[in-house]
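Dear colleague,

I am handing over the structure below, together with some notes for a reader who has not met it before. Please keep it open while you go through them.

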Amino acid sequence: MHHRRHFITLLAAAAIAPLGAHAQTAFDHNHAAWDALLKKHVRWLPDGKQSRANYKGFAADRAALKAVLDGLSAVPKATFDGWSKSQQMAFLINAYNAFTVELILTRYPDLKSIKELGSFIQSPWKKKFFTLLGEQRHLDWIEHEQLRPRYNEPRVHAAVNCASIGCPALRDEAFTATRLDAQLEDGMRRFLGDRTRNRIKGDKVEASSIFKWFREDFEQGHGSFKQVEDVFAKYAEQLSDQPAEQAALKAKTLGVNHLDYDWSLNDAGR
């Protein structure tokens with residue numbers, strides 16, 4: 001009798017173990033699967049300031065992309081809430097970028113801009129087309145309801161990518177908690193160093209419209225930023241090669257104009 005009871009206990013344990021092991025499967029904070037897709041399908045332009053996405057390649061790897069998206073969608077809010085700030089931010093940035101690629105693929109190659117995926121009554125960023133942290137979400141929820149208000153990190157604007165040439169570059173690697181600060185800083189340096197989107201002309205900084213749309217994010221004191229001009233002062237060496245212009249940037253004596261935004265698709269095939 002004792003042996004029989006022991007055998008039944010072992011059977012029950014064996015039946016439960018796989019379920020328990022599955023339930024406890026740890027989320028990959030290296031985001032290795034997404035990282036592999038980015039390394040395969042994103043390339044930097046020769047100046048290292050802009051990148052292009054090979055959407056045709058992403059489309060061919062749609063199953064692998066779907067696995068990434070399903071993995072992101074499977075994370076419960078309670079699990080997310082237990083992560084560190086850096087783990088949460090890396091997760092949200094990667095989710096934004098990965099679901100943006102998916103959104104483009106819903107019509108690719110028959111589109112020239114992400115804006116074509118919207119309508120008169122709804123922008124593409126308001127479309128609820130994926131699940132995250134247990135609910136149906138849209139891209140604006142990630143950026144404007146999570147990343148911006150919760151983390152007070154304006155450099156996130158050089159990390160989330162809206163599939164447009166005017167955007168800061170989509171990196172050819174996933175964001176990770178352990179490298180987040182360095183990746184955000186690198187993104188800002190590349191973006192501010194791109195003369196097509198940020199430059200000096202005469203006595204003005206001609207800056208990306210990002211610094212107009214999200215001015216408040218750069219004025220909340222993070223990283224010693226109290227005003228947008230503080231950002232330009234910090235990245236003076238990226239904005240200009242000329243010592244006199246760098247000095248003017250650091251002295252904050254230049255005015256600011258904002259450039260038109262290029263919403264053309266950041267497609268490597270074009």
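Which residue of β7 is the bridge partner of Glu-206? Before you look for it, please bear in mind that this is a predicted model. The partner of Glu-206 in β7 is Asn-257, and in β7 there is also Val-256, which is the bridge partner of Val-205.

These pairs belong to a sheet, with which I would begin. Three strands form this open sheet, in the order β5-β6-β7, and their pairing is mixed. β5 and β7 stand at the edges, and each has a single partner strand, so one side of each is left without a neighbour in the sheet. If direction is ignored, neighbouring strands of this sheet are turned against each other by 35° on average.

The mixed pairing can be followed strand by strand. Strand β5, residues 199–201, and strand β6, residues 204–207, run antiparallel and are joined by three bridges, whereas β6 and strand β7, residues 255–258, run parallel and are joined by four bridges. Lys-201 stands opposite Lys-204 of β6. The hairpin of β5 and β6 has two residues between the strands, and in this hairpin Gly-202 takes a positive phi near 65°.

The helices come next, and α6 takes part in both of the packings described here. Helix α4, residues 62–73, packs against helix α6, residues 85–105, at an angle of about 140°, and their axes are 10 Å apart. Because of that angle, α4 counts as oblique to α6, and the crossing in which α4 passes α6 is left-handed.

How are α6 and α7 placed, roughly parallel or roughly antiparallel to each other? They pack at an angle of about 160°, with their axes 10 Å apart, and as angles over 145 degrees count as roughly antiparallel, α6 and α7 are therefore roughly antiparallel to each other. The crossing of α6 and α7 is left-handed.

Two places in the loops deserve a look in the backbone. Most residues other than glycine have a negative phi, and most peptide bonds are trans. In this model, however, a cis peptide bond with an omega of about 10° joins Tyr-108 and Pro-109, and Pro-109 is found in the loop between α6 and β3, the latter being residues 130–132. Asn-152, a residue other than glycine, has a positive phi, near 45°, and its place is in the loop that lies between α7 and α8, the latter being residues 180–192.

Finally, there is the second largest pocket, in which about 210 Å³ of space lies. Of the 16 residues that line this pocket, those closest to its centre are Tyr-96, Glu-143, Cys-162, Phe-214 and Trp-263. Which element supplies the largest share of the lining of this pocket? That share, three residues, comes from α7; α7, residues 139–151, and α9, residues 210–213, each supply at least two residues of the lining. By kind, the residues of the lining divide into eleven that are nonpolar, three that are polar and two that are charged.

With kind regards

Terms used. Residues are numbered from 1 along each chain as its sequence is written. This is a predicted model: local features need pLDDT of at least 70, side-chain atom pairs count only at pLDDT 80 or more; totals for chains, interfaces and linings use all residues. Side-chain values use heavy atoms; hydrogens and water are left out. On a 1 Å grid over the protein atoms alone, a cavity is a set of points where a 1.4 Å probe fits but cannot get out, and a pocket is an open set with protein on both sides within 12 Å along at least five of seven lines; lining residues have an atom within 4 Å of a point. Grid points are joined across faces, edges and corners, and a volume is the space filled by probe spheres set on the points. Ala, Val, Leu, Ile, Met, Phe, Trp, Tyr, Cys and Pro count as nonpolar, Asp, Glu, Lys and Arg as charged, and the others, Gly among them, as polar. Two strands pair if DSSP finds at least two bridges between them. Axes are lines fitted to C-alpha atoms, for helices over the stretch in contact, and angles run from 0 to 180 degrees between N-to-C directions. Angles under 35 degrees count as roughly parallel, over 145 as roughly antiparallel, 65 to 115 as roughly perpendicular and the rest as oblique. A crossing is left-handed if the near helix is turned anticlockwise from the far one by less than a right angle, and right-handed if clockwise.
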